[in-house]
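Please open the structure in your viewer and keep the selection panel at hand. This tour goes from one selection to the next and says what is found at each stop.

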Amino acid sequence: MSEAFDCAKCNESLYGRKYIQTDSGPYCVPCYDNTFANTCAECQQLIGHDSRELFYEDRHFHEGCFRCCRCQRSLADEPFTCQDSELLCNECYCTAFSSQCSACGETVMPDADPGWSDIS
């Protein structure tokens with residue numbers, strides 16, 4: 001007779017099913033996600049075991065939900081800033097909060113090489 005191999009939460013048999021092994025025992029995939037998954041701060045849905053999860057300051061996001069609040073550009077692999085709890089890509093942050101050139105109106109990017117030297 002074979003030994004029972006059941007989900008640690010729902011006690012359903014795991015024979016022939018996908019499962020995830022934890023220190024407290026094996027879990028079927030739905031029970032694992034419902035027990036251990038974080039909730040996305042943007043869409044309020046669970047971030048499943050098979051999703052790329054990103055986090056910033058105790059907030060968790062699906063990869064697709066981690067984006068600039070102004071232009072919706074993905075921030076997954078981009079530098080970003082948080083301003084008043086809103087995530088902004090560098091371009092949107094600089095457009096909103098950097099100085100404008102008085103001659104042409106373009107945004108003056110911080111630490112940008114101006115291409116000219118100040119002769120003093």
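Begin by selecting strand 4, residues 59-62, together with strand 6, residues 86-89, since each of these strands supplies at least two residues of the lining of the largest pocket. As you look, keep in mind that this is a predicted model.

Next, select the lining itself, which consists of Ala 41, Glu 42, Arg 59, Phe 61, Cys 65, Arg 67, Cys 68, Cys 69, Gln 72, Ser 85, Glu 86 and Leu 87. If you colour these residues by class, you will find 6 nonpolar, 2 polar and 4 charged residues. The pocket that they surround has a volume of about 150 Å³. Which domains supply at least three residues each to this lining? They are domain 2, which covers residues 39-66, and domain 3, which covers residues 67-97.

Now return to strand 4 and select His 62, which is found in that strand. Is His 62 buried or exposed? His 62 counts as buried because its relative accessibility is 17%, and the cut-off for buried is under 20%. To see what surrounds His 62, show Cys 40, Cys 43, Gln 45, Leu 46, Ile 47, Ser 51 and Arg 52, which His 62 touches when residues up to four places away in sequence are not counted.

From there, move to strand 3, residues 53-56, and select Glu 53, which has its place in this strand. With a relative accessibility of 30%, Glu 53 counts as partly exposed. Leaving aside neighbours within four places in sequence, Glu 53 is in contact with Asn 38, Ile 47, His 60 and Phe 61; Phe 61 is also one of the residues that line the largest pocket. Ile 47 is likewise worth keeping on display, as it is touched by His 62 as well. If you then add Glu 63 and draw a distance between the C-alpha atoms, Glu 53 and Glu 63 lie 5.9 Å apart in space, although they are 10 residues apart in sequence.

Finally, select the whole protein chain and switch to a cartoon view, in which 2 helices and 6 strands can be found. Followed along the sequence, these elements come in the pattern β-β-α-β-β-β-β-α. Of the 120 residues in the chain, 23% are buried. With a surface view, you are looking at about 8700 Å² of exposed area, of which carbon and sulfur atoms supply 46%. Among the contacts with a separation of 6 or more, residues 24 or more positions apart account for 10%.

Notes. Residues are numbered from 1 along each chain as its sequence is written. This is a predicted model: local features need pLDDT of at least 70, side-chain atom pairs count only at pLDDT 80 or more; totals for chains, interfaces and linings use all residues. Side-chain values use heavy atoms; hydrogens and water are left out. On a 1 Å grid over the protein atoms alone, a cavity is a set of points where a 1.4 Å probe fits but cannot get out, and a pocket is an open set with protein on both sides within 12 Å along at least five of seven lines; lining residues have an atom within 4 Å of a point. Grid points are joined across faces, edges and corners, and a volume is the space filled by probe spheres set on the points. Helices (H or I, at least four residues) and strands (E, at least two) are DSSP runs, numbered from the N terminus. Ala, Val, Leu, Ile, Met, Phe, Trp, Tyr, Cys and Pro count as nonpolar, Asp, Glu, Lys and Arg as charged, and the others, Gly among them, as polar. Domain bounds come from an automatic or database domain assignment. Buried means under 20% relative accessible area, exposed over 50%, partly exposed in between (1.4 Å probe, protein chains only). Contact means heavy atoms within 4.5 Å. Accessible areas come from the Shrake-Rupley method with a 1.4 Å probe; for residues, only the protein chains shown count as cover.
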